[in-house]
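Please look over the sequence and the model shown here. The text below goes through it part by part.

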Amino acid sequence: MNHHRQRFPLQSCPHLSACRSAHGPNPFRSLQPCLKAKPLGPTSVRREPNDAVPRCSLCSSSSASRLYACLACAAVSCWSPNLHSPPHAAAHAVAAGAGHEIAVDLDRAELFCSLCRDQVYDPDFDTAVVRANHMFLPLPPPTSHPKDTKKRRRAVEYQPWSPDPHERMCIARGSSPLPPDSTCGLRGLNNLGNTCFMNSVLQALLHTPPLRNYFLSDRHNRYECQRKRVKISATDNAKSVAARLCLACDMDAIFSAVYSGDRRPYSPAKFLYSWWQHAANLASYEQQDAHEFFISMLDGIHEKVEQEKGKPQSQGSGDCCIAHRVFSGILRSDVTCTVCGFTSTTYDPCVDFSLDLEPNHGPAKNSTTKSHSCNGEMESMLSSHVGGVSTLMGCLDRFTRPERLGSDQKLFCQNCQVKQESLKQLSIRKLPLVACFHIKRFEHSSTKKMSRKVDRYLQFPFSLDMAPYLSSSILRGRFGNRIFAFDGDESDNPTEAASEFELFAVVTHTGRLDAGHYVTYLRLNNQWYKCDDAWITQVSESIVRASQGYMMFYVQKVLHYRGNEN
């Protein structure tokens with residue numbers, strides 16, 4: 001069992017309880033002005049006068065491993081090990097009597113019981129520390145538990161559906177069962193003229209579990225949708241052609257064709273035409289970018305939902321359309337002033353994570369190997385460089401790492417009322433059901449007026465834990481081990497398992513920037529398949545690991561259903 005974010009009842013310290021009883025309901029209110037916070041750094045106890053070197057009141061040592069200040073009298077004592085006498089902090093607690101047992105670590109701003117000889121935790125004290133980091137932002141006290149006005153998700157036990165006799169009769173009359181084949185859904189897509197970028201993304205979407213379940217369960221019926229659109233377009237003849245086009249309907253048609261059991265390659269011409277109408281600037285037979293197509297297609301589905309409902313829908317909620325229900329997440333951006341520490345926080349929806357490759361330290365050594373097997377030609381790009389291999393986790397660490405904005409990027413500070421240098425840090429407030437990672441392999445330089453492709457190898461795992469990149473984890477790492485309701489603790493991800501993902505599709509790009517080819521690797525029942533337009537072949541896991549990943553699709557290992565849904 002994984003206990004990463006699980007909370008256990010802590011055994012209370014009797015001396016801390018006595019301290020709280022003696023000093024009232026807010027015993028640490030007077031301590032808050034003494035806390036010194038650094039932007040995106042640790043919190044310590046402020047020293048008076050400034051820069052004064054604290055010393056033990058008993059031995060005058062300033063080089064002890066730990067220095068503690070008594071909460072009752074502010075006397076500083078050390079905790080240097082001594083075989084012949086107790087530590088000075090413990091000796092002070094015994095000599096001063098009751099009420100002097102609790103002290104605070106000067107360097108870490110953590111509570112310590114000198115008699116229990118252990119750290120103690122108090123929610124109100126941790127609140128004071130967090131307030132010192134967000135000194136200008138109102139934060140709710142951790143001891144209060146207001147009633148939630150927002151409907152929250154809860155995990156319910158999954159129960160498989162079994163049809164009753166009447167439902168069986170309706171199913172037999174209006175549909176046909178899927179063939180009992182582990183490779184059901186594997187069907188090649190014909191290249192309609194430099195459309196490998198579209199085919200590669202479609203293959204990944206056709207095997208995205210939540211998306212597949214949505215369309216195959218007839219949640220979007222293209223015939224019913226078309227009837228509604230005909231009625232709408234009848235009132236406005238000028239827009240009748242555009243009104244009848246629906247990318248979701250075309251996706252429903254592709255799902256029906258691919259999962260029909262027919263193994264002959266399918267031509268998604270109708271879908272291509274509808275997408276051209278939505279993205280007129282990309283309507284040509286030239287090679288396009290697979291990631292740009294992915295974003296454009298999701299936007300097309302989202303825009304149709306807005307037109308139907310007549311008002312803008314929030315992408316971050318994940319409830320507006322099937323595209324964002326599956327791929328939508330929320331990013332948190334913290335911009336901290338390096339002068340006063342004021343932090344401005346914003347939230348933005350996202351449907352993918354675009355990651356920069358880690359810097360290449362030293363010259364690259366690229367090698368290309370080709371071999372033949374019964375599955376056809378296998379190509380693997382194996383790249384290594386002196387500075388080490390780039391990894392997906394390293395790219396995510398770089399994505400969520402604090403970034404110092406230069407002097408030419410000064411931002412207005414609401415507290416200083418002038419533009420100041422600042423630190424920016426991204427984190428993930430809400431994880432999507434399916435996480436799409438886009439690797440920035442195409443670099444464009446405006447000064448040199450040239451573009452190039454980065455062919456460096458990226459190592460990606462088959463199982464991925466996203467917990468270290470969540471906002472709650474980032475904030476806990478920033479503020480230390482505090483008992484406090486950090487932002488993200490009450491997100492839509494109800495359990496630890498919601499942060500664990502597994503890989504099911506990889507879109508790769510080979511060749512030059514202007515003349516390359518896209519291929520998708522799919523995993524079905526722990527077996528990998530290579531989808532190269534109309535050709536589908538079985539490949540080994542090692543081939544997938546050695547591929548040059550451009551877009552990686554991960555799905556949550558455990559999907560949580562709404563408690564109010566059947």
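What follows is a walk through two sheets, a hairpin, the nonpolar cores and several single residues.

The model is predicted. A convenient place to begin is an open sheet of five strands, arranged in the order E4-E3-E5-E6-E7 with antiparallel pairing. Its edges are strand E4, residues 76-78, and strand E7, residues 118-119, and each of these pairs on one side only. Strands of a sheet pair through backbone hydrogen bonds, and the pairing may be parallel or antiparallel. Between strand E3 (residues 67-70) and E4 there are three bridges, in the antiparallel sense. One residue to locate here is tyrosine 68, whose bridge partner in E4 is serine 77. Helix H2, residues 88-96, lies across E3 and E4, and its direction is at about 130° to that of E4.

After H2 the chain enters the loop between H2 and E5, where histidine 100 is found. Histidine 100 counts as buried because its relative accessibility is 18%, and the limit for buried is under 20%. Apart from its neighbours within four places in sequence, histidine 100 is in contact with Cys70, Ala72, Cys73, His92 and Ala93.

Further along, glutamate 110 sits in the loop between strand E5 (102-105) and strand E6 (111-113). Is glutamate 110 buried or exposed? With a relative accessible area of 18%, glutamate 110 is buried. Its side chain makes a polar contact with the side chain of glutamine 119, at 2.3 Å. Glutamate 110 can also be placed relative to tyrosine 68: the two are 42 residues apart along the chain, and their C-alpha atoms are separated by 9.4 Å.

The next part to find is the hairpin formed by E8 and E9. Strand E8 (residues 329-337) and strand E9 (residues 343-350) run antiparallel and are joined by eight bridges. Within this pair, leucine 331 stands opposite aspartate 348 in E9. Five residues lie between E8 and E9, and in the turn glycine 341 has a positive phi of about 85°.

This hairpin belongs to another open sheet, of four strands in the order E9-E8-E17-E14, with antiparallel pairing. At the edges stand E9 and strand E14 (403-404); each has a single partner strand, so one side of each is left without a neighbour in the sheet. E14 and strand E17 (residues 422-430) run antiparallel and are joined by two bridges. In this pairing, glutamate 403 has lysine 424 in E17 as its bridge partner. Helix H14, residues 471-479, packs on the sheet and touches E8 and E17, with its direction making about 140° with that of E17.

From the sheets, attention can move to the nonpolar cores. The largest nonpolar core has 56 residues, of which Phe271, Trp275, Phe294, Met297, Phe327 and Phe553 touch the most other members. Helix H5, residues 196-206, gives the most to this core, with eight residues. A second, separate core has 33 residues, including Phe353, Leu357, Leu470 and Val506. What is phenylalanine 271 in contact with, leaving aside its neighbours within four places in sequence? The residues in contact with phenylalanine 271 are Met198, Leu202, Leu247, Asp250, Met251, Ile254, Phe293 and Met297.

Cysteines can be looked at next. A search of the whole structure finds zero disulfides. Two of the cysteines can be described by their accessibility. Cysteine 321 counts as buried because its relative accessibility is 2%. Cysteine 436 also counts as buried, at 1% relative accessibility.

Finally, there are two asparagines in one loop. Asparagine 525 is in the loop between strand E24 (516-524) and strand E25 (527-532), and asparagine 526 is in the loop between E24 and E25 as well. Phi of asparagine 525 is near 55°, a positive value in a residue other than glycine. Asparagine 526 is not a glycine either, and has a positive phi of about 65°. Where does each stand on accessibility? Asparagine 525 is exposed, because its relative accessible area of 60% is over the 50% limit. Asparagine 526 counts as exposed at 68% relative accessibility.

Notes:
Residues numbered from 1 in each chain as written. Predicted model: local features only at pLDDT ≥ 70, side-chain atom pairs only at ≥ 80, totals over all residues. Heavy atoms only, no water. Buried < 20%, exposed > 50% of the residue type's maximum accessible area, 1.4 Å probe, protein only. Polar contact = N/O pair within 3.5 Å; in protein donor to acceptor, adjacent residues only side chain to side chain. Core = buried A, V, L, I, M, F, W, Y, C linked by side-chain atoms within 4.5 Å. Contact = heavy atoms within 4.5 Å. Pairing = 2+ DSSP bridges. Axes fitted to C-alpha atoms, helices over the stretch in contact; angles between N-to-C directions. Disulfide = S-S within 2.5 Å.
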